[in-house]
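Work through the exercises below with the structure open beside you. Try each task before you read its solution.

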Amino acid sequence: MTVTTGKFVIYLRVSTDKQGIKGNGIDAQYAACVEYLNGGNWSITGEYREVESGNCNNRPELERALEQCQREGATLLVAKLDRLSRNLAFVTRLMEAGIKFKAADNPVADNLSIHILVAFAQFEREQISKRTKAALAVVKARGKKLGSKDIVTVATAGRAARTAS
C-alpha cells in the first residue's frame, strides 16, 4: 500500500436532498477519502460538501474547492470519479488547467483511464436521463399531472436545505 503525502482538499457530493439529509452517502464518501489517505505525511486543508446533481455545472462548493486547490497547490480528493463529474469536457478542462485530483476508489488511474471512465459515466448519465424522461412520459400519458403545485416554495426549501449545512 502506498503512503500518501501532500495537501488535500476533499469534495463530497450527493445528488438529492434526501441523500444529503440522511448523510449516509456523504459519510461513506468521507470514509473512503480518509481510507485512501492511510497515514503518511498529509493534511486535509479543506472539505466541501454539496447536494447537487452532477448534471448541474453550477456547483459553488466545487468551485470553492477548486479555487483552494489552485491557491494552495493541493490535490482535490473525491471518493469516486463520478462525484467530481460525469462530464468528459469538464474533467478534460481540469486536467488541462493543471488541477490535480484523485479518486479514492481508483487512485492509480492515469489520464487515459480517467478519460475512459468519465466517458462511460457521461454515457450512463445520458441513459439515466433518457429512461427517466420515457418513464415520466408514460405516467403523463396515463393522465397523472407531473410536478409540484408550488414549485417556487419547493425550490426555495431545497436551496435552503443545501446551503444550511
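The exercises go from the whole chain to the sheet, then to single residues and a cavity. Keep in mind that this is a predicted model.

**Exercise 1. The whole chain**

Task: Find how many helices and strands the chain has, and write their order along the sequence.

Solution:
- Step 1. Count the elements. The chain holds seven helices and four strands.
- Step 2. Read along the sequence. The pattern is β-α-α-β-α-β-α-α-β-α-α.
- Step 3. Add the burial figure. Of the 165 residues in the chain, 33% are buried.

**Exercise 2. The order of the sheet**

Task: Work out the strand order of the sheet, and say which strands lie at its edges.

Solution:
- Step 1. Begin with the general rule. Strands of a sheet pair through backbone hydrogen bonds, in a parallel or an antiparallel way.
- Step 2. List the pairs. Strand 1 (residues 6-14) pairs with strand 2 over nine bridges, in the parallel sense. Strand 1 also pairs with strand 3, again in the parallel sense, over three bridges. Strand 3 pairs with strand 4 over three bridges, parallel too.
- Step 3. Join the pairs. The four strands form an open sheet with the order 2-1-3-4 and parallel pairing.
- Step 4. Name the edges. Strand 2 (42-51) and strand 4 (101-103) are the edge strands, as each pairs on one side only.
- Step 5. Note the twist. From one strand to the next, it averages 25 degrees.

**Exercise 3. Partners across the sheet**

Task: For F8, L12, V9 and L77, find the residue that each one faces in a neighbouring strand.

Solution:
- Step 1. Look towards strand 2. F8 stands opposite I44, and L12 stands opposite R49.
- Step 2. Look towards strand 3. There, V9 stands opposite L76.
- Step 3. Look towards strand 4. K102 is the bridge partner of L77.

**Exercise 4. Buried strands**

Task: Why is strand 1 described as largely enclosed, and which residues cover the two sides of strand 3?

Solution:
- Step 1. Take strand 1. Seven of its nine residues are buried, so strand 1 is largely enclosed by the rest of the structure.
- Step 2. Recall how side chains point. In a regular strand they alternate between the two faces of the sheet.
- Step 3. Apply this to strand 3 (residues 75-78). T75 and L77 are on one side, L76 and V78 on the other, and all of them are buried.
- Step 4. Focus on L76. Its relative accessibility is 0%, and the cut-off for buried is under 20%, so L76 counts as buried.
- Step 5. Find a neighbour of L76 in space. The C-alpha atoms of L76 and A65 are 7.4 Å apart, with the two residues 11 apart along the chain.

**Exercise 5. A charged residue in a helix**

Task: Decide whether D82 is buried or exposed, and find a side chain that it contacts.

Solution:
- Step 1. Place the residue. D82 lies in helix 4 (residues 81-84).
- Step 2. Check its area. The relative accessible area of D82 is 12%, which is under 20%, so D82 is buried.
- Step 3. Find the partner. The side chains of D82 and R86 make a polar contact at 2.9 Å.

**Exercise 6. The cavity**

Task: How many cavities of 30 Å³ or more does the structure have, and what lines the largest cavity?

Solution:
- Step 1. Know the idea. Rolling a probe the size of a water molecule over the atoms shows where empty space is left.
- Step 2. Count. The whole structure has one cavity of 30 Å³ or more.
- Step 3. Give the volume. The largest cavity contains about 30 Å³ of space.
- Step 4. Name the lining. It consists of C56, N57, R59, L62, E63 and F90.
- Step 5. Sort the lining. Three of these residues are nonpolar, one is polar and two are charged.

Methods:
Residues numbered from 1 in each chain as written. Predicted model: local features only at pLDDT ≥ 70, side-chain atom pairs only at ≥ 80, totals over all residues. Heavy atoms only, no water. 1 Å grid on protein atoms, 1.4 Å probe; cavity = no way out; pocket = protein on both sides within 12 Å on 5 of 7 lines; lining within 4 Å. Points joined across faces, edges and corners; volume = space filled by probe spheres on them. Nonpolar A, V, L, I, M, F, W, Y, C, P; charged D, E, K, R; others polar. Pairing = 2+ DSSP bridges. Axes fitted to C-alpha atoms, helices over the stretch in contact; angles between N-to-C directions. Buried < 20%, exposed > 50% of the residue type's maximum accessible area, 1.4 Å probe, protein only. Polar contact = N/O pair within 3.5 Å; in protein donor to acceptor, adjacent residues only side chain to side chain.
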